[in-house]
Amino acid sequence: MAMFGYMTDTETVEPTDTIEVESEGEDLESLLFHFLDDWLFKFSADVFFIPREVKVVHLDRMGFKIRSIGWGEEFSLNKHPQGTEVKAITYSAMQIRDDDEKSEILVIIDI
């Protein structure tokens, strides 16, 4: 959701539509990359979908697959303030840290 927060004020998005995104990778970093890239595609090239909320409904850490659902609507300049354009997801400095209590993720996006 942080990525979409750069693009617009997500508080202006109404959860009128639902989109499901399934992503796969070869390891956790590539899974994270594809997950974010697949959502970016839904916004910028596919249906111009901007979510208000995204929920991961299934995460397979061994098979490197993720299924998520987003609630939102089609992006409209008349309704949603235009923020910064996100051009791409990068592997640059990507970090995933897991311990028993929490996970921390660092991703740099190309704007």
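Start by selecting helix 1, residues 2–7, in this predicted model; this helix supplies four residues to the lining of the second largest pocket, which is the largest share from any element. The pocket beside those residues holds about 230 Å³ of space, and, of the 13 residues that line the second largest pocket, the closest to its centre are Met1, Ala2, Met3, Phe35 and Leu36. If you now add helix 2 and strand 2 to your selection, you will have on screen, together with helix 1, the elements that give two or more residues to this lining. Colour the lining by residue class, and you should find twelve nonpolar residues, no polar ones and one charged residue.

Next, keep helix 2 selected and turn to the largest pocket, whose volume is about 310 Å³. Which residues lie nearest the centre of the largest pocket? They are Leu32, Leu59, Arg61, Ile66 and Ile105, which belong to a lining of 14 residues. Two or more residues of that lining come from each of helix 2 (28–46), strand 2 (49–60), strand 5 (95–98) and strand 6 (103–106), and helix 2 gives the most, with five residues. Coloured by class as before, the lining of the largest pocket shows eleven nonpolar residues, one polar residue and two charged residues.

From the pockets, move on to the aromatic rings, among which there are four aromatic pairs. Select Trp39 and Phe49 to see a tilted pair, with 6.3 Å from centre to centre and 35 degrees between the planes. Trp39 sits in helix 2 and Phe49 in strand 2, ten residues apart, and the pair links distant parts of the chain. Are these two residues buried or exposed? Both Trp39 and Phe49 are buried. Adding Phe4 to the selection then completes one aromatic cluster, formed by Phe4, Trp39 and Phe49.

For the last stop, select Phe43 and Phe75, whose rings form an edge-to-face pair, 5.3 Å from centre to centre and with 70 degrees between the planes. Phe43 lies in helix 2, whereas Phe75 lies in the loop between strand 3 (65–74) and strand 4 (88–89), so this pair ties together parts that are 32 residues apart in sequence. If you show the surface here, bear in mind that Phe43 counts as buried because its relative accessibility is 15%, and that Phe75, with a relative accessible area of 18%, is buried too; the cut-off for buried is under 20%.

Terms used: Residues are numbered from 1 along each chain as its sequence is written. This is a predicted model: local features need pLDDT of at least 70, side-chain atom pairs count only at pLDDT 80 or more; totals for chains, interfaces and linings use all residues. Side-chain values use heavy atoms; hydrogens and water are left out. On a 1 Å grid over the protein atoms alone, a cavity is a set of points where a 1.4 Å probe fits but cannot get out, and a pocket is an open set with protein on both sides within 12 Å along at least five of seven lines; lining residues have an atom within 4 Å of a point. Grid points are joined across faces, edges and corners, and a volume is the space filled by probe spheres set on the points. Ala, Val, Leu, Ile, Met, Phe, Trp, Tyr, Cys and Pro count as nonpolar, Asp, Glu, Lys and Arg as charged, and the others, Gly among them, as polar. Rings of Phe, Tyr and Trp (its six-membered ring) pair if their centres lie within 6.5 Å; planes under 30 degrees apart count as stacked, over 60 as edge-to-face and the rest as tilted. Buried means under 20% relative accessible area, exposed over 50%, partly exposed in between (1.4 Å probe, protein chains only).
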